[in-house]
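Work through the exercises below with the sequence and the model open beside you. Try each task before you read its solution.

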Amino acid sequence: MAETITPVKEAAVENIRLRHHFATPAQQMDAATLGMWTFLITEVLFFGGMFASYAVYRNLYLGAFASTSEYMNVVLGGTNTAVLICSSLTMVLAVRAAQLSNRRHTMLFLVLTMIFGTAFLVIKGVEYHAKWVEHLVPGFNFHYPIPQFQQHAQILFFLYFMMTGMHALHMIVGLGLLTYLLVQAYRRVFNANYFAPVEMIGLYWHFVDIVWIFLFPLLYLIGHRK
Amino acid sequence: MATIAQGTPEIAAQEVNYLNVEHGWKSWLFTTDHKRIAILYLISITLMFFVGGFMAVLFRINLLEPEGIFSAETYNRLFSMHGIIMVFFFLVPSIPATLANFLIPIMVGAKDLAFPRVNLLSWYIYVIGAFLTMYAVIRGGVDTGWTFYAPYSSTYSNSYVLAAAFGVFTAGFSSILTGLNFIVTVHKMRAPGMSWSRLPLFVWSNYATGLIQVLGTPVLAIVLLLLAFERIAHVGIFDPNIGGDPILFQHLFWFYSHPAVYIMILPGMGVISEIVSCFSRKRVFGYNFVAFSSMAIAVLSFVVWGHHMFLTGQSVYTSIAFSFLSMMVAVPSAIKVFNWTATMYKGSVSFDTPMLYAFGFIGLFTIGGLTGLHLATLGTDIALHGTYFIVAHFHYVMVGGMVMAFMGGLHFWWPKMTGRMYPEAWSKFAALIVFIGFNLTFFPQFILGYMGMPRRYHAYPPEFQALNVLSTAGASILGIGYLIPMVYLIWSLKNGPKAGPNPWGAAGLEWQIQSPPTTFNFDETPIVTEEAYNYGPLEEVVG
Amino acid sequence: MSAGLLHVHIPKVRTLVLVWLALICLTGLTTGASYVDLGWMNIVVALLIAVSKASLVAWIFMGVRNTTTLTKLFVVAGLVWLGIMILITFSDYSSRTWTYQAQPWATNPAGGTSR
């Protein structure tokens, strides 16, 4: 796992966009990194509240929760997992390209990430539509085929919509941020001395990926066995 | 404390500072200067404080008569909105968003917080949250109590729960952003030589507060969101009739809201450390212990939430663990009180207004803290739960503690923030009035609670009337005690004598720059060479 | 950090692609494992695979391996706090039923409660 350390050329220092209250570019970058990770911790606990609810109800209503896996589309869910993993790869490549001052590749990988992100949302929309058609939207038209699980399965489907909905909302915000990055990259803002926004939004994107990595087995796979 | 190359303040007749560097409303609403944002926050939370206080006056009037004066419905809405506004829109942002926002960058020797634009954003988010909540108030308020307990709030309440809950949800993000900014600032923006062991204790306590805000508030956000969907779509997540568990709401709610109690008190403890040290002219006794007790409180605060739920059907075994852990919080809290007292021992104590508030804090917080032990004990809590004993307990901590500290801090740093002194006699008089009014209001409530008067009822048996009248009388005195500073502080803006950079002869970086500070605080980055609270003989510092 | 300029860690493309490949394989593995009945082990396997996938993303893609000790500490703290919330909440639910077997009035007719 060797990494190269590129010394910053003195001549390029005017490109670093140092804000007035920081003493050095390293201080600015450190602050941004720590701030972003702190923000991600708040996100962990935000989603954590839903994971805790899921754990409690799964423990209480094991049978009802397991039965819901029958109504989850593993193929679409699995495809979406793969799509998100691909988007993470292109995202990290975009960061890498920005670090190397490669504007063309930065833009290319940003666009690819956005395509994967959009594909994820489209597939998610197809799944949501299927749930609506099958009368599995809690609170509006919920009618579960297994009568004794009607109420408890509704809680699971509510958590399903909350968790995937919040996740999708984060994806949409992420797509907005990527659009911003694309415009900035087009304007030649990023270079080897200034790429903090690409890296920070990259961290956000990977975090959203990690959330899905947990949602996929918990919602789609548990109880799937027969 | 530190060596700073600083322009001597008496040179310029009309010196430039952060207040007069720019004019017009745009220069305020689009500022990224942490000092101006602190002033914006100060104005906002003061407004909310008086709205919340007005509701307290109304329901105290109701309790003058045993059968009540307003309807039960109105009374429920009044105390609920009082709680929501005071907790989420005054106490949580009170010291962090105003005094700490103003002082932390200066105390660590920085030009601004790490993320100035995020700081401004947090104020706008706060204002949006406040407007949503005020909308709920205007439409008729909320009657769920400040805790929004499900399933009452989700299914049965016939009031504007959604607007109020969404207001609190929004304000939570402002709190998160403030905490995040402080954490990064303390880690990354310290001046050369400002090591962790040289940080003022006010910075330590606000750092610990920031950790709680960042770790706890997101859970409040998600639980209010779940509540909102439950109310809109009735999916049963908190409704026991269709399989949900209302206690889950309480678990998640108190996972934030118990630590939030420490969001409300820790910054106050930091203020008291500064004041006690300055007006005793001594280094804080046991600096390391006071600093680490803040961190210990922050950590322990997250493992005690179940003591709010002893009577809910929570597992008895979990309750026993929570009871034990709650006792543990008393240790770091007591360390602080003992160390402040030890700091005063053999110090040259002077009785300026901030110190009067600090005395009030130490005494009242001790009473509030010790009565907390009654409530943390599983057996006694069964008798005292849901009575006025609890109301008195948390008002001793929140009002007797935090509001006292806020007033003390405001009087301590007012000359730094505005460059003006306030009238000394009036301020001491007001501090005394607040102390007397506070005790008259809330001490009778301990007795009422012990006698068994439950909280949150608009009517009560006639034998409780005498103590209730006493409490209401005290509340009116307390209200006057808060109005007097409002008047003379505003008066002092134009008419107060000029303060000079260091009117108290205090140590600390903030006292070595001009009052009010310039936009970037320091002309040159200071280099810190000494520990905090390096108080020598008085004559050398004042002059 | 001479002159406070940036130290940049640029990952190798080969490393990134290998991690991507591993993530795809693990996704296949967890899907496949869900079709095999392992009893209560199914959830353990699913979560173990999820944790390893998440660790890979965090360690390589998010660059935790190259960050400061402080950042690593923050990441761990966030996870510990998530653990505190879930474990303590869960402790309530898992121990609620323990007490009620020992209540004498529940079975004693003289206690007044008829069952």
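**Exercise 1. How are H8(B) and H13(B) oriented relative to each other?**

Solution. H8(B) and H13(B) are oblique to each other. Here is how to get there. This is a predicted model, in which local features need pLDDT of at least 70, side-chain atom pairs count only at pLDDT 80 or more, and totals for chains, interfaces and linings use all residues. Residues are numbered from 1 along each chain as its sequence is written, while chains are lettered from A and ligands numbered from 1 in the order in which they are written.

Step 1. Find the helices: H8 covers residues 246-280 of chain B, and H13 covers residues 388-418 of chain B. Helices (H or I, at least four residues) and strands (E, at least two) are DSSP runs, numbered from the N terminus.

Step 2. Take the angle and the distance. Two packed helices are described by the angle between their axes and the distance between the axes. For H8(B) and H13(B) the angle is about 45 degrees, and the axes are 9 Å apart. Axes are lines fitted to C-alpha atoms, for helices over the stretch in contact, and angles run from 0 to 180 degrees between N-to-C directions.

Step 3. Classify. Angles under 35 degrees count as roughly parallel, over 145 as roughly antiparallel, 65 to 115 as roughly perpendicular and the rest as oblique.

Step 4. Add the hand: the crossing of H8(B) and H13(B) is left-handed. That term applies if the near helix is turned anticlockwise from the far one by less than a right angle; clockwise gives right-handed.

Step 5. Look at the residues that meet. H8(B) contributes residues including Met264(B), Gly268(B) and Glu274(B), and H13(B) contributes residues including Val397(B), Gly401(B) and Phe412(B). Contact requires C-beta atoms, placed from the backbone, within 7 Å. By class, the contact of H8(B) with H13(B) has 11 nonpolar, 4 polar and 1 charged. Ala, Val, Leu, Ile, Met, Phe, Trp, Tyr, Cys and Pro count as nonpolar, Asp, Glu, Lys and Arg as charged, and the others, Gly among them, as polar.

**Exercise 2. Classify the crossing of H3(B) and H6(B).**

Solution. Step 1. Helix H3 (residues 72-108) and helix H6 (residues 161-188) of chain B have axes that come within 10 Å and cross at roughly 20 degrees.

Step 2. H3(B) and H6(B) are therefore roughly parallel to each other. Their crossing is left-handed.

Step 3. Check the contact. Phe88(B), Pro96(B) and Ile104(B) are among the residues from H3(B), and Ala164(B), Ser175(B) and Phe182(B) are among those from H6(B). The contact of H3(B) with H6(B) has 16 nonpolar, 3 polar and no charged residues.

**Exercise 3. Does the radius of gyration of chain B agree or disagree with that of a compact globule?**

Solution. Step 1. Apply the globule rule, 2.2 Å times the number of residues to the power 0.38, with the radius taken over C-alpha atoms. For 543 residues it gives a value near 24 Å; chain B has 23 Å, which agrees.

Step 2. Add the box: the C-alpha atoms of chain B fill roughly 70 × 45 × 45 Å along the principal axes.

Step 3. Count elements and burial. Chain B has 16 helices and 2 strands. Of its 543 residues, 58% count as buried. A residue is buried with 20 or more other C-beta atoms within 10 Å of its own, exposed with 12 or fewer, and partly exposed in between; C-beta atoms are placed from the backbone.

**Exercise 4. Is Thr518(B) buried, exposed or partly exposed?**

Solution. Step 1. Place Thr518(B) in the loop between helix H15 (465-495) and strand E2 (527-528) of chain B.

Step 2. Count. Thr518(B) has 19 C-beta neighbours inside 10 Å, so it counts as partly exposed.

Step 3. List the contacts. Leaving aside neighbours within four places in sequence, Thr518(B) touches Val16(B), Asn17(B) and Tyr18(B).

Step 4. Note the cis bond from Ser515(B) to Pro516(B), with omega near -15 degrees. Pro516(B) is also in the loop between H15 and E2 of chain B.

**Exercise 5. Which helix gives the most to the side of chain A that touches chain B?**

Solution. Step 1. Size the contact: 30 residues of chain A meet 32 residues of chain B.

Step 2. Name the elements that give two or more residues on the chain A side: helix H1 (25-60) and helix H5 (150-186) of chain A.

Step 3. H1(A) gives the most, with 17 residues. The chain A side divides into 16 nonpolar, 13 polar and 1 charged.

Terms used:
Contact = placed C-beta atoms within 7 Å.
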